[in-house]
Number of protein chains: 2
Amino acid sequence: MSANLVITNVHVLKPDGKVEVANIFITGDRISKISNSTANADNCTIIDGRGKFAVPGFINAHTHASMTLLRSYADDMALMEWLNNHIWPIEAKMNRHDIRAGAELAAVEMIKSGTTTFMDMYGPYMEEVAQVVDKSGMRGVLCRGLIGIFNGDEKLATNVELFKDWNGKAGGRIKVMFGPHAVYTCPPDYLRKIADTAGSLGAEIHMHMNETLDEINGCVKDYGRRPFEVVAETGLLELGFLAAHCVHLSDNEIEIMRANNVRVAHNPGSNMKISSGISPVPKLLSKGITVGLGTDGAASNNNLDMLEEIRLAALLHKVDTFNPLEIPALEAVKMATEYGAAAVGISDIGRLEVGYKADITLFDMSGAEWQPVLNPVSLLVYSANSASADTVIVDGKILMQGRELKTLDEEKIIAEFNSRVKKLLAK
Amino acid sequence: MSANLVITNVHVLKPDGKVEVANIFITGDRISKISNSTANADNCTIIDGRGKFAVPGFINAHTHASMTLLRSYADDMALMEWLNNHIWPIEAKMNRHDIRAGAELAAVEMIKSGTTTFMDMYGPYMEEVAQVVDKSGMRGVLCRGLIGIFNGDEKLATNVELFKDWNGKAGGRIKVMFGPHAVYTCPPDYLRKIADTAGSLGAEIHMHMNETLDEINGCVKDYGRRPFEVVAETGLLELGFLAAHCVHLSDNEIEIMRANNVRVAHNPGSNMKISSGISPVPKLLSKGITVGLGTDGAASNNNLDMLEEIRLAALLHKVDTFNPLEIPALEAVKMATEYGAAAVGISDIGRLEVGYKADITLFDMSGAEWQPVLNPVSLLVYSANSASADTVIVDGKILMQGRELKTLDEEKIIAEFNSRVKKLLAK
């Protein structure tokens, strides 16, 4: 089968970390060849890759896309003050149109910063997010945030509905998980019910775990055990389990995670801003636990910029461990790509390799901050910013080229978004 | 006197942290009026400030500009391996043309990321950096890095020469300090000699202080006291003293700093990457000590992007102290502007206020990551990246507009820089 898209003379990040100038051939939705030769590139769409750095599209392993609506709405305050008095009251007023507008703005922001896949957990109307995934051409892993302390069954039913309506849809670009919110919002009985339901559908689980010391202390007080110890008895961990945050962990919990192949979405920016603490990521990686990266929602980050999370991961653990060798540049990039793919449970993305899905971001290396181009991986992690993301491809389809969006109308989306925010704040 | 430049309808960051839409009038090199009215704006150059956020130009209080030559040359290694086996051997091969090319690239990078003033310390040929300051239109505070353990007198003489040739030059945009490198490279006798020389010229001091635990331990071993205790007896602190890093400090040293009005250049990115440690910035600020921000050199950061340092300062100390209220957004911006001005000892920059120098950066707030524009200060610190820097003005002169440089030929500088790096690496 002949290729239909070829990226020529591009710096390619190979899975082993080497960077080579080559041509990437894409046939349908997959990478079909990476070669020094441009033979058989006739009759293809050509993207001139000179001076550009091709990396696997970033995978945001934990976010709440529509929280873009609340970006900079309430910052620099204590967590419970922020949640109780600011975030939760206004979230309760959001309607279907708000969720849609927030997710569209998020899609614009993510594509423009080089992200191709995102793992999303939010409240009602997740089908609006699914439609945005469909329309934008991005890849999305979606779940309904399930809070069991009121109307838990009703919420669970909407997650089932989401699964039935959208899992595997949008050309296979949508995957649906179940989203128990956290141990402090979901009693064990409710978690067991979610495990039964998700298990019967073959769905995986995404859940906030061990984010703050308050959460741990509350859990120990309520159940006499720590969060992973509680969750381990509900059946959830056996289904394929992506845990967001994982900041405060006992050795026993780390052993539970390892034994159950729990995957982690590390959110350094959010953890720093909310002062949750520093996840023991080097220790988790040394135990063979999969650690991806996420931005968390734009209300607590305050953006959806994965390159920032990559840099924070590379910097934070060096200073935390007093070891300049921790999380070198390539490892940080892998957390946002290859490990991120494993975190969200998609086996054929996250590497630039023949047979993998053509989810690719090209960074423009022409800016001053990229000079001299001695080591593109180091430059990407330690020097560049996401405005260098030039071209974004998902499933072989071009979503952005020369920073121009191809599937979404950026100007219209921003205008509609701001009009929605204005109405929401006036409620 | 009538204005010659007016920025209309721009969001203005006032010194009290309030943001108001107004018109900024510039007469000569200073801000002459900030007003809701555009009366008397006829016959002026007009910059349309709609949708833009005007902040004081960033002040990079510690860098080594020409180290751009070594960006991504050697990363992810232990400090002494990095210095001894990589950085110092190649630095010894740099000639005058290299220093010039490195500083020109740095000027491009700094202007494009919104920086108007930089404090530079490097080896020989600092007059080349001075010429780049002159040509670029930026403001520069320059010193020769003085290493006393070989040819100390000769180096001191070049710093004297730099002072005599360049202090107050380039229309007053250049200030020259003296640059003792560190306690581990400058014995006390040499520090006293620098203090005498600088004192006789009325020059201030810039020095690396208390960066790593190795430095502290070595100092205690050699002199029986900690770095600030050693330096306090040399006369240097009385001259006006800007200390870079200040990561590891005893209470006695903090008291010495406070009593001598020592100013600090905090470099969170470099301190994290090299895993030096976390400076006790909230404690220093609470003692009334001036703390500015710096990028350090591009070999250890790896860029000259002050907005990244602003964000890191805002995030790092929150997680370090477990307090989400530490270093709120406005405080982080002040560290890069008003406090930075005090750090480098220039009294009339760092605030958008009548009578202050017109050193102004306009950020374009049209991108997705700036929506909704509820709180521009929060957005700048927690969401934007420096590619939003649209317009840069120094002394009332436009250095960049619409991201196009007005005083420097970006393309030519990048080509010459890369050609220089190639030759340097081939030596």
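Me: What makes up the contact between chain A and chain B?
Reply: The contact takes 51 residues from chain B and 51 residues from chain A; two residues count as in contact if their C-beta atoms, placed from the backbone, lie within 7 Å. This is a predicted model, where local features need pLDDT of at least 70 and side-chain atom pairs count only at pLDDT 80 or more, while totals for chains, interfaces and linings use all residues. Residues are numbered from 1 along each chain as its sequence is written, and chains are lettered from A in the order in which they are written.

Me: How many residues of the chain B side are nonpolar, polar and charged?
Reply: That side of chain B, touching chain A, has 26 nonpolar, 16 polar and 9 charged. Here Ala, Val, Leu, Ile, Met, Phe, Trp, Tyr, Cys and Pro are nonpolar, Asp, Glu, Lys and Arg are charged, and the others, Gly among them, are polar.

Me: What makes the relation of chain B to chain A that of a two-fold axis?
Reply: A turn of 180° with a shift of 0.0 Å along the axis lays chain B on chain A, at an RMSD of 0.0 Å. So the relation is that of a two-fold axis. The copies are superposed by least squares on C-alpha atoms of residues with pLDDT of at least 70 in both.

Me: How do you know that the same surface serves both copies?
Reply: Look at the contact residues of chain B: 100% of them recur in chain A.
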